[in-house]
Amino acid sequence: MAASGQVNGNVSPQYLGVTEPISTAGPTEADHARTQKLEKVLVSAGLYESQDEAVLREEVLGRLDQTIKLWVKQISQNKGFSDQLIQEANAKIFTFGSYRLGVHGPSTDIDTLCVGPRHASREEDFFAELYKMLADMEEVTELHPVTDAHVPVMKFKFNGISIDLLYARLSLWVIPEDLDISQESILRNIDEQSVRSLNGCRVTDQILRLVPNIQHFRTTLRCLKFWAKRRGVYSNVTGFLGGVNCALLVARICQLYPNAIPSMLVSRFFRVYTQWRWPNPVMLCAIDEGTLGLPVWDPRKNPRDRMHHMPIITPAYPCMNSSYNVSLSTLRVMTDEFQRANEICENLEMNKAEWNILFEPYPFFEAYKNYLQVEITALDDDDFRKWKGWVESRLRQLTLKIEKHTYGMLQCHPYPCEVVDSSRKGGHCAFFMGLQRSQGVPQQEGQQFDIRATVDEFRHSVNMYMLWKPGMELHVSHVRRKQLPAYVFPGGLRPVRPLRPLTVVSKSASGPAFGNSVSQLPKSDSGTTDEDVEDISGEGGERLKRKFQPAEEVGLTKRQTIREPMNVGDERMTTSISPAVASTEQFIMGEQETFDKTLKRGLEGYSAEEELEAVDDIQTSICRKGDSAELLQSKLEQASGICREQSRLAALKPGSCSFSNGVVDELEPTVAFGGTLLGAVGNTDSQKKPVIRLSLAATTSSTVGAF
């Protein structure tokens, strides 16, 4: 809402939002030039629909409105209402989301809301009678309901246009044609699902009221949605940003920079959210408590709201967290992407980069060593659409369960899009999750993450689908990067992974860097092949790791440290991963930093002071101040031998492309010195990302089976 204040008796100018703008500066000529280049990129990317497509969408909405009006009259007649009430019976279609905001593209679906009278129920009338009517229409294809979603929805295509249709049942006997759903009284005496369904339209209208310049808002939002899709962080279902999340985040930046144009707003977007301290909420206006007693987002009163990691609050009553799906893993991924985009925007402002760099696709299938593959199959297309919609709505639960059962130590990066193998007959698609140790979690030799029970629990919940039919199958398997199916890559061609030079860099007391440059890494005695050797690089958000290769000659000073594995015998430091896993923790400490909240769960029983002392003791025992350069060199050589031995043992393990038993174990420790990971090329980003080796012991089963 607009706010104002008084300074020296004078009323200050009104502003939008909960705080004053950060800057009211306008654009420069350079900003206008960058905006023009940005708009050209968006047009060339095909983000705008043609006039013919716009007309077709209007016709589809008109036809849909006629259908639901006929539907409500039929159910009124079937329930024995009077002729007058049947004549007056009415239902109305509203739009929201990207179509209502004016940022939809050629292939974008239309989010619609059907508002019906009190005698038209959701289960018997909307998902039964209306479903039958739509199924009998030739214009309607790919019809399937999702009744158990947080917001129940009916999905279908009408003349080729994708439609998501929600339903809200009001307490009115007759729905007026000029109904205003922005009024708070419309929410009186209706069920919770109807409140959530209405909230989409109410939030969309409120966003448009709370931005200073709608056209600049639309261009910026179009850009940010395109960026999120290209970088793989656009999917509310899997725990990333959805359309309403992006709209709220962009709207807040528009409030903070009311006179900025799109190129400026995009840059400020990443600058602000790179520094944002989550879980501080993003709000466009103060939270309205309302008069109807409906629950609103308030972590002070609601313990469940305190568990949200990235709260983005809707501006319409009742205020809700639109990003409740975000998990710790997906938040980390988005934070990394914000940082990357912020660096690119800084280069753009210095004319050192182009907009195309910002929209480079994220190399998901090259970024991880281990993946979880969820395959979905069905006998025919109709069954497949229903089955896929159900499984997709449950994938987020798999991510959350893995985080919970591994105490946040195993990070899951879900790929937001399904991948289809066109060579297979029948309905088929696959979803993938990248697996790696969470950032900041200490490594330990031989550690395992047993996720068999987690996957069993996920399969059990999925198999409770009420509309299950024979042929609807679910297969969950673990694959390493080199075992990924060819159909996940563009054109079915696996990209070649070239070797890169390895340079070990560290700062000495006198200032210059030291280390050896290895131009080529040959196959080692342990059987490590060139394919196993990768590098750490923060460029483009890539998360590629290189196997440890010690330098021939390394000089160390007293100011430099070496860190190596150690066992922590204190029982309070033990974190039990699963009953099948040994409980002794082995820590490899990197830079001194506060433990992640998820790691602190493994330190329960410690007071705040004891926890800090424990962390300090670990680091002190690894590197003592009195160590001489010779002793540090000896420690480095010893740790290097450990790594080489681990690699040799790993190479002796039987390899297999079949599914594993679900036990993720650590094959290789990280040895760091001088604040730089060995194998890194002086990259400060890689210093915070430990080199890990995750693998799953292979079995003879090709699918989850008894996983």
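These legends describe close-up views of a predicted model.

**View 1. A salt bridge joins Asp 125 and Lys 79.**
The structure holds 24 salt bridges, and the pair in this view is Asp 125 with Lys 79, whose closest N and O atoms are 2.7 Å apart. Asp 125 belongs to helix H5 (residues 122–135), while Lys 79 sits in the loop between helix H2 (51–78) and helix H3 (83–88), so the contact ties together parts that are 46 residues apart in sequence. Asp 125 counts as buried because its relative accessibility is 5%, under the 20% limit. Lys 79, with a relative accessible area of 39%, is partly exposed.

**View 2. A salt bridge joins Glu 375 and Arg 424.**
The side chains of Glu 375 and Arg 424 meet at 3.1 Å, N to O. Glu 375 is part of strand S10 (residues 370–378) and Arg 424 is in the loop between strand S11 (410–414) and strand S12 (427–437), so the pair links parts that are 49 residues apart in sequence. Glu 375 is buried at a relative accessible area of 16%, whereas Arg 424 is partly exposed at 38%.

**View 3. A salt bridge joins Asp 383 and Lys 469.**
Here the N to O distance between the two side chains is 3.4 Å. Asp 383 lies in helix H13 (residues 381–405), and Lys 469 in the loop between helix H14 (452–462) and strand S14 (473–480), so this salt bridge ties together parts that are 86 residues apart in sequence. The relative accessible area of Asp 383 is 7%, which means that the residue is buried. Lys 469 counts as partly exposed, its relative accessibility being 37%.

**View 4. Four residues share a network of salt bridges.**
The network links Asp 65, Lys 69, Lys 92 and Glu 177. Side chains of opposite charge can pair when their charged atoms come close.

**View 5. An open sheet is formed by 4 strands.**
The strands stand in the order S11-S12-S10-S14, and their pairing is antiparallel. S11 and S14 are at the edges and have a single partner strand each, so one side of each is left without a neighbour in the sheet. From one strand to the next, the twist averages 25°. Strands of a sheet pair through backbone hydrogen bonds, either parallel or antiparallel.

**View 6. S10 and S14 pair within the sheet, and H13 packs on it.**
S10 and S14 are joined over 8 bridges in the antiparallel sense. Asn 370 stands opposite Arg 480, a residue of S14. H13 touches S10, S11, S12 and S14 as it packs on the sheet, and the direction of H13 makes about 155° with that of S10.

**View 7. Helix H7 runs from residue 214 to residue 230.**
At 1.5 Å a residue, the 17 residues of H7 should span 24 Å, and the end C-alpha atoms are 24 Å apart, which agrees. Many residues of H7 are buried, among them Phe 217, Leu 221, Cys 223, Leu 224, Phe 226 and Trp 227. The buried residues also include Arg 222 and Lys 225.

**View 8. The two ends of H7 are shown with Asn 213 and Gly 232.**
Asn 213 caps the N-terminal end of H7, with a side-chain oxygen 3.2 Å from the backbone nitrogen of Gln 215. Just after H7, Gly 232 takes a positive phi of about 75°.

Terms used
Residues are numbered from 1 along each chain as its sequence is written. This is a predicted model: local features need pLDDT of at least 70, side-chain atom pairs count only at pLDDT 80 or more; totals for chains, interfaces and linings use all residues. Side-chain values use heavy atoms; hydrogens and water are left out. Buried means under 20% relative accessible area, exposed over 50%, partly exposed in between (1.4 Å probe, protein chains only). Two strands pair if DSSP finds at least two bridges between them. Axes are lines fitted to C-alpha atoms, for helices over the stretch in contact, and angles run from 0 to 180 degrees between N-to-C directions. Contact means heavy atoms within 4.5 Å. The expected span of a helix is 1.5 Å times one less than its number of residues. A polar contact is a pair of N or O atoms within 3.5 Å; within protein, one must be able to donate a hydrogen and the other to accept it, and residues adjacent in sequence count only if both atoms are side-chain atoms.
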